[in-house]
Amino acid sequence: MKKIFELDFYGRKIVVENGELAKQADGAVLVRYGDTVVLSTAVVSKNANILSDFFPLMVLYNEKLYSVGKIPGGFIKREGRPSENATLAARMIDRPMRPLFPENFRNEVQVVNTVLSVDQDNSPEMTALFGSSLATSISKIPFDGPVASVKVGRVNGELVINPTAEQVEVSDIDLTVAGTYEAINMVEAGAKQVSEEDMLEALMFGHEAIRKLVEFQKEIIAEIGIEKMEYEVLEIDDELKANIKDLIEEKLDKALRIKDKLEKYEAIDTIKAEVVEKYTLENSELSSEDLNILITKVKLVMENIEYDVFRRIVVKEQIRADGRSMTEIRPLSTDIDLLPRTHGSALFTRGQTQALSVTTLGALGEHQILDGLSLEDEKRFMLHYNFPAFSVGETGRYGSPGRREVGHGALGERALLQVIPSEDEFPYTIRVVSEILESNGSSSQASICAGCMSLMAAGVPIKAPVAGIAMGLITDGDDYTILTDIQGMEDHLGDMDFKVAGTREGICALQMDIKIKGITRDILDKALKQAKQARFEILDVMTKQIEKPREEVSKYAPKTMTFMINPDRIKEVIGKGGEMITKIILECSNVTSVNDIKAVKVDLEDDGRVIIYHTDKEVIDRTAQMIKDVVKEVEIGKVYTGKVVKVEDFGCFVELWPGCEGLVHVSQLDEKRVEKPSDMVKVGDEIIVKATGYDKRGKLNLSRKEALK
């Protein structure tokens with residue numbers, strides 16, 4: 001039986017429908033937010049893999065291009081692999097939901113969001129998270145929700161919940177915040193150098209709105225929710241826990257105090273391996289299945305002991321894994337211009353985390369084309385993040401970027417985008433690639449620091465230097481400690497990964513993930529203030545290496561010239577079938593193909609802008625002159641010297657400059673009568689002519705007779 005629920009949410013209606021669609025899923029809701037429509041479903045497997053060391057949750061966000069009235073591009077006219085936006089949306093749903101499932105739950109759960117209709121003023125991503133939470137909450141799947149999210153913007157100093165597309169254009173905050181009724185548990189933000197105080201206010205403003213969405217979900221759950229399922233768990237007796245604790249607690253305590261990452265991990269692995277070997281030998285009479293279950297229990301107990309010992313050392317003793325104070329940053333070093341032929345390069349090292357970033361400048365026509373659901377169909381600034389297995393001393397898969405690479409790249413791109421000059425100020429497509437060479441925590445923030453320096457080294461006139469830092473949180477009961485510049489173990493065993501990037505003026509990007517149910521305003525406030533102090537320290541080191549963007553781009557980067565022409569004349573510059581622009585490119589570049597790497601690049605914009613790119617300024621100047629000649633206006637009554645390009649019985653055609661031809665009628669060739677034009681002129685002759693006007697078809701008339709007077 002179909003049921004409908006409605007909520008007036010900040011002047012817009014949210015409608016939830018249940019009982020009509022996808023009835024075989026464990027939970028399904030159709031959520032309408034304005035004209036945005038998303039079907040969210042949740043399904044759980046019947047059996048649990050209790051020996052698994054992770055919870056198998058899969059969240060999908062399926063973009064359907066019919067939702068915005070588009071047909072997919074390319075040869076295969078159907079949706080293929082997820083776009084970057086779809087990948088980021090799926091991550092954004094996963095991150096606040098995952099901590100709310102029971103810690104020992106091992107049944108596979110799949111949450112699938114199908115975007116059916118998109119109204120650009122009503123976010124499909126926010127709608128999908130709302131639907132994912134609700135579909136899971138009304139089902140038999142154990143879930144300590146509900147959870148919801150909103151976008152927060154700031155327009156003319158006023159905070160706005162779920163801003164429209166028009167409001168987003170003028171907003172200086174682009175914040176996505178998610179949480180439960182009690183606390184915030186996920187943050188994703190871009191901002192135009194906004195203060196910590198203003199960002200905190202925006203976070204709490206967003207949480208108040210989240211509470212309304214959570215209350216609405218609770219009303220629906222109370223009416224249509226079903227009883228939660230019983231699920232199989234791995235039972236571990238207290239005697240086993242106590243025995244293993246006696247064996248390894250003291251050893252783990254010593255190992256966790258080792259400062260070097262690889263030495264520490266090797267010591268911990270050795271301790272665990274010895275315990276596994278001991279229990280394997282002592283229980284060799286067990287069947288392989290029973291022995292496997294026992295060893296899984298042993299490993300799980302050791303993980304929990306390591307977790308507890310680590311927290312005690314950090315929170316109670318205030319000692320970090322590498323001996324630093326809670327607010328201390330690892331040793332920093334920087335370098336630039338490592339790669340002689342790239343347009344800009346920089347190396348940023350923080351402890352055992354190292355990022356090499358390279359900036360490449362290209363023509364505006366080399367922008368990325370986006371085939372997605374948003375209004376944006378292209379972008380001229382990109383940051384790509386690569387994380388090879390060798391960066392952590394391991395072997396691993398190499399191939400297309402995974403969700404982690406896409407997510408980290410998007411965070412770095414969002415941070416640096418806030419200081420990238422406009423297209424008018426700097427008419428280039430800009431690509432930054434971050435190669436992670438070493439990693440021990442916070443490689444995404446190292447990418448921002450290295451990327452910023454590579455942009456300045458490449459001569460990109462950014463508005464201000466940007467640095468990033470990752471903050472951590474370790475809780476132990478009611479006590480907690482906030483850590484500056486977390487390393488890998490502090491991230492793995494900690495409760496929060498809170499990344500903050502910005503300039504000296506303010507925040508440019510935020511990202512927060514937590515493993516507990518939520519964090520308070522006080523923790524957020526303290527973390528933001530601590531991050532600001534660290535950011536300033538890093539900026540001091542970066543600006544000592546390179547204080548500001550270089551005045552000129554690299555000699556290997558394309559130089560540029562921009563000028564305006566009458567938009568109505570663009571078709572003349574292009575010519576029939578591209579004949580004229582091809583001729584200009586080939587002649588000016590002295591190449592035989594427009595695809596030659598040495599060929600000049602010309603972008604012709606609809607507003608009449610002409611942007612020319614080449615490493616040689618002389619080539620640019622020649623190209624500009626030829627284009628200006630094509631669109632140069634003929635002055636009626638003025639005498640010109642032109643070249644005869646064609647001779648006919650009725651007269652001859654004279655080229656005044658490339659792209660500008662006129663007809664000298666046989667009667668206008670000379671003051672005396674001319675029988676045959678070929679008796680007077682031949683192709684290639686230079687003659688003087690006077691511009692006398694245009695005929696009914698807009699063709700230019702010229703006269704040699706008038707010029708001779």
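1. Strand β13 (residues 353-362) and strand β17 (residues 429-438) run antiparallel and are joined by nine bridges. Within this pairing, Ser357 has Ser434 of β17 as its bridge partner. The model discussed in this note is predicted, and every statement below should be read with that in mind.

2. Strand β17 also pairs with strand β16 (residues 381-386), here in the parallel sense and over six bridges. A student who wishes to locate this pairing may begin at Leu383, whose bridge partner in β17 is Val432. Thus β17 takes part in an antiparallel pairing with β13 and in a parallel pairing with β16.

3. What is the handedness of the β-α-β unit made by β16, helix α8 and β17? The unit is left-handed, and its helix, α8, covers residues 403-417. The strands of this unit, β16 and β17, are the ones that pair in the parallel sense.

4. A second set of paired strands involves strand β3 (residues 27-33) and strand β4 (residues 36-48), which run antiparallel and are joined by seven bridges. Leu30 stands opposite Leu39 in β4. The two strands form a hairpin with two residues between them, where Gly34 takes a positive phi near 65°.

5. Strand β4 pairs in addition with strand β6 (residues 107-117), in the antiparallel sense and over nine bridges. In this pairing, Thr41 has Val112 of β6 as its bridge partner. When following such strands, the reader may recall that in a regular strand the side chains alternate between the two faces of the sheet.

6. Does the length of helix α7 agree or disagree with the span expected at 1.5 Å a residue? The helix holds 29 residues (residues 288-316) and should therefore span 42 Å; the C-alpha atoms at its ends are 41 Å apart, which agrees. After α7 comes Gln318, which has a positive phi near 55°.

7. Helix α13 (residues 579-589) packs against helix α14 (residues 617-631) at an angle of about 150°, and their axes are 9 Å apart. Because angles over 145 degrees count as roughly antiparallel, α13 and α14 are roughly antiparallel to each other. The crossing in which α13 passes α14 is right-handed.

8. Which residues bring these two helices into contact? On the side of α13 they are Met580, Ile584, Glu587, Cys588 and Ser589. These meet Val619, Arg622, Thr623, Met626, Ile627 and Val630 in α14.

Notes. Residues are numbered from 1 along each chain as its sequence is written. This is a predicted model: local features need pLDDT of at least 70, side-chain atom pairs count only at pLDDT 80 or more; totals for chains, interfaces and linings use all residues. Side-chain values use heavy atoms; hydrogens and water are left out. Helices (H or I, at least four residues) and strands (E, at least two) are DSSP runs, numbered from the N terminus. The expected span of a helix is 1.5 Å times one less than its number of residues. Two strands pair if DSSP finds at least two bridges between them. A crossover is right-handed if, with the strands pointing away from the viewer, the path from the first strand over the helix to the second runs clockwise. Axes are lines fitted to C-alpha atoms, for helices over the stretch in contact, and angles run from 0 to 180 degrees between N-to-C directions. Angles under 35 degrees count as roughly parallel, over 145 as roughly antiparallel, 65 to 115 as roughly perpendicular and the rest as oblique. A crossing is left-handed if the near helix is turned anticlockwise from the far one by less than a right angle, and right-handed if clockwise. Contact means heavy atoms within 4.5 Å.
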